[in-house]
Amino acid sequence: MHVNETSWWNNASFALPLLGTVLSLIAAAVTGSLEALGFAGFLGFVTVVMAPVVMLTWRRTPTAVVLTRERVVALHEGRELRNIAWGELGRIERADYDNIKWRLRPREGDHLSIEAELTEVDQLIAKASELSGLEPMERPR
């Protein structure tokens with residue numbers, strides 16, 4: 001089992017504007033600056049607008065990926081998101097896109113993204129390769 005060690009609020013689209021809001025509010029309180037207060041208001045608005053977007057995307061993010069002898073299963077807080085039998089897997093490809101490092105692609109249907117936040121990603125890919133009989137490959141060009 002490989003777990004995701006982050007939470008929804010670790011998403012930069014939420015965390016950075018929230019941090020900026022807090023720092024701008026502190027600066028406004030210390031200096032009495034209306035510009036800092038206005039910037040805090042803007043960043044607070046961005047934080048509020050991004051919160052539901054981040055929450056919706058988080059619901060589709062695996063909080064654990066489990067490898068069994070028969071299949072790989074992606075879970076989100078215990079709810080199954082995706083499961084692919086090793087015999088259905090077509091390839092294991094490197095992605096290196098944002099926080100997605102690998103993709104497990106079945107011959108048909110949606111892929112399973114392996115994100116950098118999962119524990120021991122390299123061991124996960126090595127074990128997936130062993131169980132599926134497929135060699136990991138670089139991203140097709």
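I take buried to mean under 20% relative accessible area, exposed to mean over 50%, and partly exposed to cover what lies in between. By that cut-off E93 is buried, because its relative accessible area is 3%.

**Entry 1, confidence.** I noted before anything else that this is a predicted model, and I looked up how confident the predictor was. The protein averages a pLDDT of 88, and 95% of the residues score at least 70. Among the elements, I found the highest mean pLDDT, 94, in β2 and the lowest, 85, in β1. I keep a general caution in mind, that predicted coordinates should not be read in detail where pLDDT is low.

**Entry 2, around E93.** I then asked which side chains meet that of E93 in salt bridges, and found R91 at 2.7 Å, N to O, and R105 at 2.9 Å, again N to O. R105 lies in strand β6 whereas E93 lies in strand β5, so this pair ties together parts that are 12 residues apart in sequence. R105 is partly exposed, since its relative accessible area is 24%, and R91 also counts as partly exposed, at 33% relative accessibility. I recorded that R91, E93, R103 and R105 are linked in a network of salt bridges.

**Entry 3, the sheet that holds β5 and β6.** I followed the strands outward and found an open sheet of 3 strands, in the order β5-β6-β7, with antiparallel pairing. Its edge strands are β5 (89-97) and β7 (112-115), each of which pairs on one side only. Neighbouring strands of this sheet are turned against each other by 20° on average, with direction ignored. Between β5 and β6 (residues 100-106) I noted 6 bridges, the two strands running antiparallel, and I saw that Y97 stands opposite I100 in β6.

**Entry 4, strand β2 and its partners.** Next I looked at β2 (residues 64-67), where A64 and V66 point one way, V65 and L67 point the other way, and all are buried. This fits the general rule that side chains alternate between the two faces of the sheet in a regular strand. Strand β1 (residues 2-3) pairs with β2 in the antiparallel sense over 2 bridges, and V3 stands opposite A64. Strand β3 (residues 71-76) is joined to β2 by 4 bridges, and these two strands also run antiparallel. A hairpin of 3 residues joins β2 to β3, and I placed L67 opposite V72 in β3.

**Entry 5, a salt bridge in helix α3.** The structure holds 4 salt bridges, and I looked up one of them in a helix, where the side chains of E130 and K127 meet at 3.2 Å, N to O. How far apart are E130 and K127 in helix α3? They are 3 residues apart in this helix (residues 121-132), which means that about one helical turn separates them. E130 counts as exposed because its relative accessibility is 56%, while K127, at 37% relative accessibility, counts as partly exposed.

**Entry 6, a nonpolar patch.** Last, I asked which residues make the nonpolar surface patch of about 660 Å². I listed L16, L18, L19, V22, L23, I26 and V30. I checked L18 separately and found it in helix α1 (residues 12-31); L18 counts as partly exposed, because its relative accessibility is 37%.

Conventions: Residues numbered from 1 in each chain as written. Predicted model: local features only at pLDDT ≥ 70, side-chain atom pairs only at ≥ 80, totals over all residues. Heavy atoms only, no water. Patch = residues over 30% accessible without salt bridge, like charges linked within 9 Å, V, L, I, M, F, W, Y side chains within 5 Å. Areas by Shrake-Rupley, 256 points an atom, 1.4 Å probe, with all protein chains shown as cover. Buried < 20%, exposed > 50% of the residue type's maximum accessible area, 1.4 Å probe, protein only. Pairing = 2+ DSSP bridges. pLDDT = per-residue confidence, 0-100. Axes fitted to C-alpha atoms, helices over the stretch in contact; angles between N-to-C directions.
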